[in-house]
Amino acid sequence: MYSEKEKDEIQPEDTFSLLGKQEAIDKLYSMSPFSRCGTVLMPLCGASGADGLEGKPDGKSVNKADCKSGGRAGVHGRGSVIGSAAVLLSEGTDFDLVYTPLKHLGYKSVLSVLGELYVRMTVPYGLSVRIGVSSKLDFPQIAELWSGMVAALKEHGVSAVSLDLLPSLNGLVISLSAVGAVPDTLARPAEPNSMDLICVSDNLGSAYMGLHVLEREKAAFNASAAGLRERAKPSGMQTEKPVEKQPDPQPDLKKYEYLLGAYLRPEIRGDIVKAFEDAGFAPSCGYFVRNGLADAVKRLSRDTGLGAKIYVDRIPIADKVFDMADEIGMDPLAAALNGGDDFRYLFVIPIGLHDVFRRDFQTFDIIGHLAQTDVGTVVVTPEGAELPLKAQGW
């Protein structure tokens with residue numbers, strides 16, 4: 001749960017009522033390598049040669065940022081084009097605290113916004129975090145959530161972080177806004193055209209199947225708890241129908257380890273921008289697949305004004321997904337197309353760069369291509385039938 005340093009810094013008496021908001025924020029910053037700041041600003045070197053700042057300080061020391069090109073914004077000289085992304089996550093809609101460890105949630109929430117930067121070829125610099133805290137959570141729980149965020153921020157080289165805590169009446173809410181710079185060499189991608197390749201970074205549907213396992217076990221646990229409450233009622237107050245034997249509330253989930261990991265603790269490539277820099281070209285478009293493949297392809301078609309063909313037999317699906325699909329009687333393709341939380345990259349690559357892409361990005365799968373507008377968005381079966389692609393939501 002906590003590192004040894006965090007355990008030393010969190011005391012049993014640490015509660016929001018005793019600490020107060022500002023001291024609580026200070027204490028969270030003391031558990032991280034970041035200096036407290038109120039507003040994250042990109043390093044900016046004006047014509048006069050003023051130094052860039054890592055955020056707007058709240059009366060604390062200021063870290064100077066490298067500025068290597070006067071008059072332009074950039075992350076350590078990476079580029080002058082600024083990229084940004086924002087994500088809002090709410091309890092009950094985007095996550096369930098019954099089965100989601102807070103540290104995992106913190107780590108995953110940061111990836112959800114950094115992934116949006118990476119697909120836009122943006123090197124992350126700063127992150128603004130606002131946490132809406134419900135009454136059922138206190139400082140130790142928020143410290144655990146924060147430790148997961150810090151782990152992800154350190155792993156992906158984020159330089160500046162602002163944090164604010166707010167009350168929430170409707171459960172835990174996490175708002176994240178990230179900013180970074182696009183390297184100059186990737187700032188002018190080619191226009192997308194019909195027949196350009198559609199590629200994804202890894203298999204799809206695993207996270208949805210992991211969520212299905214967790215929801216199933218949650219339902220079994222609730223049923224077991226309801227049975228115990230029924231049996232605990234005084235004689236004469238029990239329902240006439242006998243209570244059936246309930247499933248074990250502590251099931252063995254080892255066989256689902258891969259699927260659970262895909263949902264609870266996804267991973268994304270933090271070196272993807274550098275990989276495209278090294279390859280010498282930028283993707284024409286990029287999308288972070290977080291709400292299912294169908295949703296990402298629909299957005300791609302909307303933004304480019306082109307159609308898209310996705311070939312069913314080219315969609316990467318893990319063996320564990322097929323096993324789980326057989327177990328619950330579900331089509332694995334539905335999990336890949338309309339599941340969620342895959343945390344995959346989807347890129348459009350110019351058709352002329354096919355050989356270069358296959359050489360330098362061997363872990364990616366080419367699953368289809370752009371098409372003329374009148375084609376629409378379709379999935380192509382192995383028999384050649386074209387079916388309309390539907391994004392049913394997540």
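**Note on strand 13 and the aromatic contacts**

1. In this predicted model, L197 stands opposite H369 in strand 13. The strand that carries L197, strand 9 (residues 197-200), is joined to strand 13 by 4 bridges, and the two run antiparallel.

2. Strand 13 also pairs with strand 11 (residues 307-311), again through 4 bridges and in antiparallel orientation. Here I310 stands opposite G368 of strand 13.

3. Strand 13 covers residues 365-371, and 6 of its 7 residues are buried, so the strand is largely enclosed by the rest of the structure.

4. The structure holds 13 aromatic pairs. In one of them, the rings of Y345 and F347 have centres 5.9 Å apart and planes at 40°, so this pair is classed as tilted. Y345 and F347 are both buried. A further pair is formed by F357 and F364: with ring centres 5.6 Å apart and planes at 70°, above the 60 degrees required, the arrangement is edge-to-face.

5. Are F357 and F364 buried or exposed? F357 has 0% relative accessibility and therefore counts as buried. F364, with a relative accessible area of 2%, is buried as well.

6. The residues of both pairs belong to one aromatic cluster, which consists of F276, F281, F288, F343, Y345, F347, F357, F361 and F364.

7. Two charged side chains are placed over tyrosine rings. K108 lies over the face of Y263, at 3.7 Å from the ring centre. R265 lies over the face of Y107, at 4.1 Å from the ring centre.

Note on methods. Residues are numbered from 1 along each chain as its sequence is written. This is a predicted model: local features need pLDDT of at least 70, side-chain atom pairs count only at pLDDT 80 or more; totals for chains, interfaces and linings use all residues. Side-chain values use heavy atoms; hydrogens and water are left out. Buried means under 20% relative accessible area, exposed over 50%, partly exposed in between (1.4 Å probe, protein chains only). Two strands pair if DSSP finds at least two bridges between them. Rings of Phe, Tyr and Trp (its six-membered ring) pair if their centres lie within 6.5 Å; planes under 30 degrees apart count as stacked, over 60 as edge-to-face and the rest as tilted. A charge sits over a ring if NZ of Lys or CZ of Arg is within 6 Å of the ring centre and within 35 degrees of the ring normal.
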